[in-house]
Amino acid sequence: MDAMNLHLMLPEIYLVLLGLVILIADLYLAPEKRFNLGWWTAGGLSVLAVWLFATPTPETVEFAGFGLYRADGFALFMKKVFALTGILVAVMSTGYLKRYGRGPGEFFSLVIFALTGMFMVASVNDFMSLFVSLELVTLCLFILAAYRRHDKLSGEAGIKYIIVGAMAAGLMLFGMAFIYGATGEVRFTYMGADGQLVLLSQTVANLESGWQMTALFGFTVLLVGLGFKVAAVPFHVWVPDVYQGAPTPVTAFLSVGSKAAGFILIIRVITLVVPTIAPGADLALVDQLVKLFALIAGLTLFYGNLAAIPQKNLKRLMGFSSIGHAGYLLLGIVAVLAMKAAGEETMNGVSAIAFYLFAYVFTNMAMFIGMVIFTQGSEDSHAIDDYAGLGKRAPLLALCMTIALLSLAGVPPLAGFFGKFYLISSIVEAARLDGYGWLLVLAAAGAVNVVISMYYYLCVVKRMYMLEPTSDEPIHLPPPAKIAMVACIVLVVVIGIFQGPFVQMATGVLATLGF
Amino acid sequence: MEPIFHDLLAAGGGHAVAFYACSAVTIAAAILMVMKKNPVASVMWLVLSFIGLAGIYVTLQSYFIAVIQVLVYAGAIMVLFLFVIMLLNLRREDIAKMELPKVPFAGVIAAILFFVSVFLVIKASTPAFEKPVDALLGEPALAGDSVRAIGIPLFSQWLLPFEITSVLLLAAIVGAVALTKKKL
């Protein structure tokens, strides 16, 4: 554990170097060639993605950076998700930036630095690296959200994101200070005095009850801070404005990357720091956490889906829908916590979250690429009414967006349906535990919300196919974006029909999770 | 109050004199900073207050923190403040017009909080006064070689967060340019 083990950190080192190459190449390229940097980024990230997919899932946890960095199955899985997200963001940004005509070098290097932060987030093993990695992600995304500097909405999005982000960061630090105060340790796993690997959760479990209370208070505050990152109700207020104001590719990046980063950290904290209660021991405190998260998950589900119904702007609608999806992902967290409170180490909730995120990347990205193509890189026609008659104007675009919307709603046999199915079944499994029968209510809420979300997603589809087009202007589908969108849709269908290998990949993360 | 002060001086000798001198400078400069109407003058008094604080660190034998205090706060951050204030280019008439809103209620609450905190500080620090001040000042937080004590862990055990911070700062610089430059 006391070694730098640089070879484990090669993906992050590669990313930083790629960012620097883009930044420097920007200075030497002719102005009209600078927009090709998007293809450089996509290419560089594709190499990284191939490399990650070729890496076998580690069977034991390996540590690097003097025990502050962990290379395990979950980290590898999430890095694959992030690399794919990065490629898709780069592809959809290239045309967008050419149209907007501002600083591709800075834009793409910031995207890569944000990805570096997300990669680190996936591998952190201590609170200090956790904090700086998450701040790296937030800072880059804030700048990207405000990138259309002459656009008032974009500026508003940036300011709101940075202020809410700063507050969340403050809360997280506050929580970390309490945990450090109670345990005297910032690392999640570390070498004990006897040379054995110790989990911070074991340290917490062995504390006196007063200190245990202090640590659990710390978790609660820390998780509130993370709640802002994943946009859980009641920490969601920034979402609609930021999603609407940010440039569309950045909104896509936010909705997938930033959310996934937040969930990784919640999972890390819960699996490594919250103690598993031994049978017969006092489980009141962890039990309280289960109730708290169940409440947040329920509120997030209903708020996100109900508030999406009256929306007139597709980007705002996607913002509320992403709140709803955060609610589904929280179901998995509740399941894991309930298992911990009952003294079981089953973590099917985590593999359900992993599968859901994997499916969510392609679904959401297909939708956002469709929006970028439709608006032709401008930001002035995001009203849902503008999509009227899209089925006649651009049949392929309308078909792809319809499939993406159906998958978001959770229609079988698409990927989104099985994502929701696994999350709800993880909750049902947790409801079998003694004293947790009430979790079935949460499972029912999840099922009801599928129906609610179906309504507003289908309203968009209805406009595309049932109404007459308001303009006859042909829609030009740039080939790279079209290929990326179709590839995403194909994957959405393939993941839905042949889930086997993907489920296997998602359950593969469990083996090395709790060490 | 007076005999205690006298005893302290007697017990601590030169150390205590330096400590109280630095404290007096810090507090006086801080008060003047608030009182001055001209923002540039305020900033200058704030610099003096920071230097006094650095002096207190020296008497506590935390030389490294003292140097950092001067470099970072009295140096870099104050230059930043000065630049911002000079760029704002406030004229004398504008300053004369600036008046704090009169909210008596807020003033009363602030005064109560101030006296409560003074009371708590005095109450909490009485046991410390029982020690001879020399012994108190002679206990450095980090033994002797404080640069070494901070530097070696920072560049070995905690290198990873340090390196991530460097990427963070690079991203911040790129962002500052990207958001402010007219033509990119």
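The lining of the largest cavity in this predicted model is made up of 10 nonpolar residues, two polar ones and no charged ones. Rolling a probe the size of a water molecule over the atoms shows where empty space is left. For the largest cavity, that space amounts to a volume of about 90 Å³. Its walls can be followed residue by residue: T220(A), L223(A), V224(A), G227(A), V230(A), A232(A), F235(A), I266(A), L292(A), F293(A), I296(A) and L330(A) line the cavity. Two elements of chain A, α8 (209-230) and α11 (284-308), each give two or more residues to this lining. Helix α8(A) provides the largest share, with five residues. Counting cavities of 30 Å³ or more gives seven in total.

With the cavity walls in view, it helps to step back to the chain as a whole. Chain A contains 19 helices and four strands, and along its principal axes the C-alpha trace spans about 70 × 55 × 40 Å. What radius of gyration does chain A have, and how does this fit a compact globule? For 515 residues, a compact globule would be expected to have a value near 24 Å, and the 22 Å of chain A agrees with this.

Burial and contacts add to the picture. Of the 515 residues in chain A, 63% are buried. When contacts between residues at least 6 apart in sequence are considered, 81% of them join residues at least 24 apart. On the outside, the accessible surface of chain A comes to about 17700 Å², and carbon and sulfur atoms account for 68% of that area.

A single residue, R463(A), offers a closer look at how separate parts of the sequence meet. This arginine lies in helix α17, which covers residues 439-466 of chain A. Is R463(A) buried, exposed or partly exposed? Its relative accessibility is 24%, so R463(A) counts as partly exposed, given that buried means under 20% and exposed means over 50%. Once neighbours within four places in sequence are set aside, R463(A) is in contact with I384(A), D385(A), Y387(A), A388(A) and G389(A). A further position, G391(A), is 72 residues away from R463(A) along the chain, while the C-alpha atoms of these two residues are separated by 8.9 Å.

Methods: Residues are numbered from 1 along each chain as its sequence is written. Chains are lettered from A and ligands numbered from 1 in the order in which they are written. This is a predicted model: local features need pLDDT of at least 70, side-chain atom pairs count only at pLDDT 80 or more; totals for chains, interfaces and linings use all residues. Side-chain values use heavy atoms; hydrogens and water are left out. On a 1 Å grid over the protein atoms alone, a cavity is a set of points where a 1.4 Å probe fits but cannot get out, and a pocket is an open set with protein on both sides within 12 Å along at least five of seven lines; lining residues have an atom within 4 Å of a point. Grid points are joined across faces, edges and corners, and a volume is the space filled by probe spheres set on the points. Ala, Val, Leu, Ile, Met, Phe, Trp, Tyr, Cys and Pro count as nonpolar, Asp, Glu, Lys and Arg as charged, and the others, Gly among them, as polar. The radius of gyration is taken over C-alpha atoms; the globule rule is 2.2 Å times the number of residues to the power 0.38. Buried means under 20% relative accessible area, exposed over 50%, partly exposed in between (1.4 Å probe, protein chains only). Contact means heavy atoms within 4.5 Å. Accessible areas come from the Shrake-Rupley method with a 1.4 Å probe; for residues, only the protein chains shown count as cover.
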